[in-house]
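Visitor: I am new to this structure and would like a close look at a single part of it. Please take the largest cavity, and then follow the charged side chains from there.

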Amino acid sequence: MRQFFVLALLLLLSLPASADMELGALRVATSSGTFLRIGISPRAEAMGGAWVAVAEDANAAWYNPAGLGLLANREVSVASVVWPAGIRYNTFSWGVPQALFGGTLSLQVGSLSAVMQETDEYHPYGTGREFLYSDFLAGLSFARFLTDQLIVGLGAKYFREDLGSEVGGPVANAWVVDVGTLYHIDYRNMRIGMAIQNFGPEIRPQGEFWNHSDQKWQEYDGYPPPSLFKLGIAYEPWKSWPWILTQTFDMNHLADNRESLSSGLELDYHGGLLALRAGYNFMADEFGLSAGFGSTFALGSTIAGLDYSFTDAKSLGAIHRWSLRLDF
């Protein structure tokens, strides 16, 4: 089993060094619906987004649906992301273990919006009108144990993207699916996670627009969704009760950019009473360093968890995330 881990680790570290990494940047801006890749979990993003092998709460549906199989109780999570340019992304996640199906069902809802200035080729600095750009997402996921060490998960997401319909902009409706696995190795609580996210048909806005160059009405072009393949490893290099240190490594293969490699650390005190986290994305131009903390505590008869993360986006400014989790 240790040989399998070593092989997976070598694969994880070697893939970003492939020749495709150099050419990957040529794929930038070749997908649509890119909001789907915004990380919503402050716990995950504080660890540099390297969470595919750790995902174990209601927010797992956004990273690796297989992680939902680790939920022991019903759980609700609300999260908010303050994105650059005044964009805010709010999400709701609900996970429910189901004895009837032998697994865990999860519902996810997300809403992203921003008010923008209308511009066109004749008014590059604005027409004086404002419009609302918004995205709405609803998803359903399911995960279950196939063996005592392997969990598989599957999710489907529908989303609607409004590109300023109030000023004549288009609207796009689409769906994507997620598939994930999580494998546990009885050595330093090691886990290997894999996920394929946002896999689906081409996204094409509805309607037509006036092509000023060719002087004719024309349908909008379609682009594929921002799909990605993630492979990650998590293990505990140090443990001394009540402290546990977890380290993670993730490799992401993006359909519209070069590969990325990220790593994270989580120092947990007394079963989550306090957790300190830090992470780094080694391939990112802007989103490199991140950090955060979390705390789990009793709230009456309910177990609550509060998490916060900060990401240094350099020229884009700071990105703040928070979430509140309730287990009941």
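Guide: In this predicted model, the largest cavity holds about 40 Å³ of space. The structure has one cavity of 30 Å³ or more. Its lining is made by S41, R43, D57, N59, S77, D307, S323 and R325. Sorted by class, these lining residues are four polar and four charged, with no nonpolar residue.

Some of these names come back in a set of salt bridges. Side chains of opposite charge can pair when their charged atoms come close. Salt bridges that share partners join R43, E56, E75, E266, R277, D307, R325 and D327 into one network. Within this network, E266 and R277 form a salt bridge, with 2.6 Å between the closest N and O atoms. E266 belongs to strand β12 and R277 to strand β13, so this pair ties together parts that are eleven residues apart in sequence. Both E266 and R277 are buried.

R43 and E266 also lead to an open space. The second largest pocket has about 740 Å³ of space. Its lining counts 35 residues, and those that lie nearest its centre are R43, E56, E266, D268 and G271. The elements that give two or more residues to this lining are β6 (171-185), β11 (243-254), β12 (260-269), β13 (274-281), β14, β15 (302-312) and β16. By class, the lining of this pocket has eleven nonpolar, eleven polar and 13 charged residues, whereas the lining of the largest cavity has no nonpolar residue.

The salt bridges of the structure come to a count of 14. One of the pairs is D256 with R37, whose side chains meet at 2.8 Å, N to O. This pair links distant parts of the chain: D256 is in the loop between β11 and β12, while R37 is in the loop between α2 (19-24) and α3 (42-46), 219 residues apart. D256 has a relative accessible area of 5%, under the 20% limit, and therefore counts as buried. R37, at 29%, falls between the limits of 20% and 50%, so R37 is partly exposed.

Another pair is D178 with K157, where the closest N and O atoms are 3.1 Å apart. D178 lies in strand β6 and K157 in strand β5 (residues 150-163), so the salt bridge ties together parts that are 21 residues apart in sequence. D178 is buried at 2% relative accessibility, and K157 is buried with a relative accessible area of 6%.

Strand β16 also takes part in a nonpolar patch on the surface. This patch, of about 920 Å², is made by V78, F92, W94, L107, L140, F297, L299, L306, W322, L324 and F328. The elements that give two or more residues to the patch are β2 (87-98), β14 (289-299) and β16 (318-327). F92 sits in strand β2, and its relative accessible area of 30% makes F92 partly exposed.

W322, one of the patch residues, can be set against a residue elsewhere in the chain. G193 and W322 are 129 residues apart in sequence, and their C-alpha atoms are 24 Å apart in space. G193 is found in strand β7 (residues 190-199), and its relative accessibility of 0% means that G193 counts as buried.

Technical notes
Residues are numbered from 1 along each chain as its sequence is written. This is a predicted model: local features need pLDDT of at least 70, side-chain atom pairs count only at pLDDT 80 or more; totals for chains, interfaces and linings use all residues. Side-chain values use heavy atoms; hydrogens and water are left out. On a 1 Å grid over the protein atoms alone, a cavity is a set of points where a 1.4 Å probe fits but cannot get out, and a pocket is an open set with protein on both sides within 12 Å along at least five of seven lines; lining residues have an atom within 4 Å of a point. Grid points are joined across faces, edges and corners, and a volume is the space filled by probe spheres set on the points. Ala, Val, Leu, Ile, Met, Phe, Trp, Tyr, Cys and Pro count as nonpolar, Asp, Glu, Lys and Arg as charged, and the others, Gly among them, as polar. Patches are made of residues with over 30% relative accessible area and no salt bridge: like charges are joined within 9 Å, nonpolar side chains (Val, Leu, Ile, Met, Phe, Trp, Tyr) within 5 Å. Accessible areas come from the Shrake-Rupley method with a 1.4 Å probe; for residues, only the protein chains shown count as cover. A salt bridge is a side-chain nitrogen of Lys or Arg within 4 Å of a carboxyl oxygen of Asp or Glu. Helices (H or I, at least four residues) and strands (E, at least two) are DSSP runs, numbered from the N terminus. Buried means under 20% relative accessible area, exposed over 50%, partly exposed in between (1.4 Å probe, protein chains only).
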